[in-house]
Amino acid sequence: MSPTFIQVQSEDFSHDEQYTALRNDCPKIGAIVTFCGLMRDFNDGDSVSVLELEHYPGMTEKVLAEIIDQARVRWQLEGVRVVHRIGVMAPSDQIVFVGVSSAHRVDAFAACEFIMDFLKTRAPFWKKENTRDGQRWVDAKDSDNSATERW
Amino acid sequence: MLNILYFARLREDLGSDQEDLALPEGITTTAELRDLLMTRGEQWQQALSTAGLLVAVNQEVSDWSSKLKGDEEVAFFPPVTGG
């Protein structure tokens, strides 16, 4: 199987299947770190009932591949899997999966966080949320931008 | 032809997700293209003044001095909020 897997999809994904795919990848693996981003029912002090996600088809996959390539230069990685959902989501729904396998945990932890930090600030996805006051586009957060500076 | 794409808030505010445009006379950079589009009216002026507006040329984020030849895919969008 391909060591890098990138998928943008509207359907939900199975954490177990993603984890299993990483685990079966290669017997050299000593560590797997996974991250799952879920939809919260609050944002900026308001309750949120529905989230809609759109993206830039083509560019999204390219940007994710570049981020993963950069991670592979910095750390020794085996498998990397990124699944990001688009479309309509409800509270507690899974939005994004990032999974990294490596011979050593230090590389896997760091790479998973690195990929997630850059996904949030570079990959062309946009969120729109429904609150009691109607729909609004989510603003980018300064804290997300500063998270990339530590790398 | 340029293929110009608009995403998220811009797409909604402009009521358009994409258009084809022959590179207008005298336009050589992404900034000049944005400025020209802004002359289309109040809505365009506002949408393309969005704080942190980004431009991508052929699916790669570019700066505002990027040169255009006339056959590119140019996308305008607000700061990204995925993950």
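This is a short tutorial dialogue on reading a two-chain model.

Q: What kind of model is this, and how are its parts numbered?
A: This is a predicted model: local features need pLDDT of at least 70, side-chain atom pairs count only at pLDDT 80 or more, and totals for chains, interfaces and linings use all residues. Residues are numbered from 1 along each chain as its sequence is written, and chains are lettered from A and ligands numbered from 1 in the order in which they are written.

Q: How many helices and strands does chain A have?
A: Start with the definition. Helices (H or I, at least four residues) and strands (E, at least two) are DSSP runs, numbered from the N terminus. Chain A has four helices and 10 strands. Along the sequence they follow β-α-β-β-β-β-α-β-β-β-α-β-β-α.

Q: What does chain B contain?
A: Chain B has three helices and five strands. From the N terminus, the order is β-α-β-α-α-β-β-β.

Q: How does the radius of gyration of each chain agree with that of a compact globule?
A: The radius of gyration is taken over C-alpha atoms, and the globule rule is 2.2 Å times the number of residues to the power 0.38. For the 151 residues of chain A, the rule gives a value near 15 Å; the chain has 16 Å, which agrees. For the 83 residues of chain B, the rule gives a value near 12 Å; the chain has 12 Å, which agrees. The C-alpha trace of chain A spans about 50 × 30 × 30 Å along its principal axes. That of chain B spans about 35 × 30 × 20 Å.

Q: Which share of each chain is buried?
A: A residue is buried if 20 or more other C-beta atoms lie within 10 Å of its own, exposed if 12 or fewer, and partly exposed in between; C-beta atoms are placed from the backbone. In chain A, 34% of the 151 residues are buried. In chain B, buried residues make up 24% of the 83.

Q: Where is the largest nonpolar core, and which residues touch the most other members?
A: In soluble globular proteins, nonpolar side chains tend to be buried together. A nonpolar core is a set of buried Ala, Val, Leu, Ile, Met, Phe, Trp, Tyr and Cys residues joined through C-beta atoms within 7 Å. Here the largest core has 45 residues; Ile67(A), Ala71(A), Val98(A), Ala111(A), Ile115(A) and Phe7(B) touch the most other members. H3(A) gives the largest share of this core, eight residues.

Q: Which residues does Ile115(A) touch?
A: Two residues are in contact if their C-beta atoms, placed from the backbone, lie within 7 Å. Leaving out residues up to four places away in sequence, Ile115(A) touches Ile67(A), Ile68(A), Ala71(A), Val82(A) and Val98(A).

Q: How many residues does each chain bring to the contact?
A: Chain A brings 21 residues and chain B brings 14. On the side of chain A, helix H2 (59–74), helix H3 (105–122) and strand S9 (125–131) each supply at least two residues. H3(A) gives the largest share of that side, five residues.

Q: In what order do the strands of the chain B sheet lie?
A: Two strands pair if DSSP finds at least two bridges between them. Five strands of chain B form an open sheet, S2-S1-S5-S3-S4, with mixed pairing. Its edge strands are S2 (18–21) and S4 (60–62), and each pairs on one side only.

Q: Which pairs are parallel and which antiparallel?
A: S1(B), residues 2–6, runs antiparallel to S2(B), with four bridges. Leu2(B) has Leu21(B) as its bridge partner in S2(B). S1(B) and S5(B) are parallel, over four bridges. There, Ile4(B) stands opposite Val74(B). S3(B) and S5(B) are antiparallel, again over four bridges. Ala56(B) stands opposite Ala75(B).

Q: Why is S5(B) called largely enclosed?
A: Four of its five residues are buried, so the rest of the structure largely encloses S5(B).

Q: Which phi values stand out between S3 and S4 of chain B?
A: Most residues other than glycine have a negative phi. Asn58(B), in the loop between S3 and S4 of chain B, has a positive phi of about 50°. Gln59(B) lies in the loop between S3 and S4 too, with a positive phi near 70°.

Q: Are these two residues buried or partly exposed?
A: Asn58(B) counts as partly exposed, because it has 15 C-beta neighbours inside 10 Å. Gln59(B) is partly exposed, with 18 other C-beta atoms within 10 Å.
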